[in-house]
Amino acid sequence: MSVSIKSVDELAKMRVAGALAAQVLEMIGPYVVSGVTTGELDRICHEYIINEQQAIPAPLNYRGFPKSICTSVNQVVCHGIPSDKKILKSGDIINIDVTVIKDGYHGDTSKMFCVGEAPVHAQKLIEITQECLYIGIELVKPGTTLGDIGHAIYQHASKYYYSIVREYCGHGIGAVFHEDPQVLHYGNPGKGLALQEGMTFTIEPMLNAGKRHTKLSKHDGWTVETKDGRLSAQWEHTMAVTATGVEVFTARSDERF
Ligand code: MF3
Ligand code: CO
Ligand code: CO
């Protein structure tokens, strides 16, 4: 495993890319309503990233992925493919995952939206998943290990009897979309890589209401769903380790770190 340390110059580019990715999530919020298709949400984001931001949607053609964002509805864990046939209805929950490339560097972030009013149990899953992300972020500083972060996230989810997906994880990021290290959302305190100033990565916990196991769609080769068909939620940020803590590149205006 080789984990790169970014230069001041690279960090500046990631700051810009991260802010753009966050702005896409802020922009798309008002469009996430009953009756819209995930295909339409994809088109709106695509146009915005290309025309307004003069940036590149990283998922498009990434290892053959056909669209510009991922849209994962209800029991879909991650990597849902936007489609004109998928119409959102009141009570659905959806993760929108945006990754942009600007000046050669990536910003990767996702958040959950409720369509109309979601059931209280779905709202709780969403809330605890976001808390898991925030608990991970709070621990980021030189000397913290990836095991410390994974353990804390796992413990918090377990407290509410939610399970943590293991097949997918956070990742190093920079000029490359997915690079070392792997950032697992479970682990053992004090184990794994010790963080150093200048490392950049994502934390992106996926919590399931039921069992942790997933299945990959044989149909499209991308869509990951819970095996038991129960709900899943995910939140993601891209960040850097600073001398004293963390800088969250993809923070939105409703967030303070
Ligand atoms: N944005 C996802 C992540 O958090 C990766 C999506 S890859 C794609 O790492 F090809 F599905 F878009
Ligand atoms: Co990611
Ligand atoms: Co992502």
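Analyst: Buried means under 20% relative accessible area, exposed over 50%, and partly exposed in between (1.4 Å probe, protein chains only). The model here is predicted: local features need pLDDT of at least 70 and side-chain atom pairs 80 or more, while totals for chains, interfaces and linings use all residues. Residues are numbered from 1 along each chain, chains are lettered from A and ligands numbered from 1 as written, and side-chain values use heavy atoms, without hydrogens or water.

User: Does Asp108 count as buried or exposed, and at what relative accessibility?

Analyst: Asp108 sits in strand β5, residues 105-114; strands (E, at least two residues) and helices (H or I, at least four) are DSSP runs. Asp108 counts as buried because its relative accessibility is 2%.

User: Which residues coordinate the cobalt ion (ligand 2)?

Analyst: Donors are N, O and S atoms within 2.8 Å of the metal (3.2 Å for Na, K and Ca). For ligand 2 they sit at 2.0 to 2.2 Å, and in sequence the donor residues are spaced D-x62-H-x32-E-x31-E. Asp108 and Glu236 link distant parts of the chain, being 128 residues apart. The full set for this cobalt ion is Asp108, His171, Glu204 and Glu236.

User: What about the cobalt ion (ligand 3): which residues coordinate it?

Analyst: Here the donors lie at 2.1 to 2.3 Å, with Asp97 giving OD twice. The donor residues are spaced D-x10-D-x127-E. Asp97 is in strand β4 and Glu236 in the loop between β13 (232-234) and β14 (237-241), so the pair ties together parts 139 residues apart in sequence. The coordinating residues are Asp97, Asp108 and Glu236.

User: Is Glu236 buried or exposed, and with what relative accessible area?

Analyst: Asp97, which coordinates ligand 3 along with Glu236, counts as buried because its relative accessibility is 10%. Glu236 is buried too, with a relative accessible area of 0%.

User: How far apart are the cobalt ion (ligand 2) and the cobalt ion (ligand 3)?

Analyst: Look for the residue that bridges them, Asp108. It coordinates both ions, and their separation is 3.4 Å.

User: How far is the oxygen atom of ligand 1 from an N or O atom in the side chain of His178?

Analyst: Pairs of N or O atoms within 3.5 Å count as a polar contact. An oxygen atom of ligand 1 is 3.1 Å from a polar side-chain atom of Asp108, and one is also 3.1 Å from an N or O atom in the side chain of His171. For His178, the distance is 2.7 Å.

User: How far apart are the end C-alpha atoms of helix α2?

Analyst: The expected span is 1.5 Å times one less than the number of residues. Helix α2 covers residues 38-52, 15 in number, so it should span 21 Å. That agrees with its end C-alpha atoms, which are apart by 20 Å.

User: Which elements do the buried residues of α2 pack against?

Analyst: Those buried residues include Leu41, Ile44, Cys45 and Ile49. Contact means heavy atoms within 4.5 Å. On that basis, they pack against α1, β1, β2 and β4.

User: And which residue, with positive phi, follows α4?

Analyst: Helix α4 runs over residues 146-159, and among its buried residues are Ile149, Ile153 and His156. They pack against elements including α3 and β8. After α4, with phi near 65°, comes Tyr161.

Methods:
Polar contact = N/O pair within 3.5 Å; in protein donor to acceptor, adjacent residues only side chain to side chain.
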